Amino acid sequence: MTLNRILAAIGMTGALTVAAHAEIVVSSKIDTEGGLLGNIIALALEDAGLPVERRLQLGGTQVVREALLADQIDIYPEYTGNAAYFHNEADSNVWKDAKAGYARAAELDGEKNSLVWLQPAPANNTWLLP
């Protein structure tokens with residue numbers, strides 16, 4: 001089982017002792033938000049005493065996703081709604097409900113890629129026009 005699958009499968013807290021011997025490659029998308037979130041992840045891991053390699057602002061969604069699937073990176077922040085596009089289910093109503101969308105993303109990536117999504121942050125990135 002690769003490091004990114006261990007991190008995803010049992011969450012960061014449990015993986016910390018398992019991963020202590022290897023550098024954890026933290027990445028993010030090319031945008032400012034992704035870079036900030038990637039740094040937060042890296043700092044949390046370093047604070048736990050783990051060696052981290054940063055490959056932040058690596059590229060767009062497709063570049064970072066492919067790097068994860070190719071075991072070139074171990075963890076990066078992602079929007080659960082993007083799973084709709086990763087798995088060609090953008091027309092499904094499941095993505096209109098945050099909890100159901102997260103569950104579907106976890107199910108699809110678990111089955112297809114042996115990845116488990118970490119618990120989502122208590123945030124909302126919904127676009128809204130007043």
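Arg54 is a good place to start in this predicted model: the residue is partly exposed, with a relative accessible area of 34%. Its salt-bridge partner is Glu46, and the closest N and O atoms of the two residues lie 2.9 Å apart. Glu46 is likewise partly exposed, at a relative accessible area of 31%. Side chains of opposite charge can pair when their charged atoms come close. With a cut-off of 4 Å between nitrogen and carboxyl oxygen, a search of the whole structure returns 6 salt bridges.

Helix H5 offers a further set of contacts to look at. Here Glu89, Arg104 and Glu107 are joined in a network of salt bridges. In one of its links, the side chains of Glu89 and Arg104 meet with an N to O distance of 2.5 Å. Glu89 sits in the loop between helix H4 (83-86) and helix H5 (98-113), while Arg104 belongs to helix H5, so this pair ties together parts that are 15 residues apart in sequence.

Arg104 also forms a salt bridge with Glu107, where the closest N and O atoms are 2.8 Å apart. These two residues are 3 residues apart in helix H5, so about one helical turn separates them. As for solvent accessibility, Arg104 is partly exposed, with a relative accessible area of 22%. Glu107 is partly exposed too, and its relative accessible area is 38%. Arg104 thus appears in both the bridge to Glu89 and the bridge to Glu107.

Technical notes. Residues are numbered from 1 along each chain as its sequence is written. This is a predicted model: local features need pLDDT of at least 70, side-chain atom pairs count only at pLDDT 80 or more; totals for chains, interfaces and linings use all residues. Side-chain values use heavy atoms; hydrogens and water are left out. Buried means under 20% relative accessible area, exposed over 50%, partly exposed in between (1.4 Å probe, protein chains only). Helices (H or I, at least four residues) and strands (E, at least two) are DSSP runs, numbered from the N terminus.
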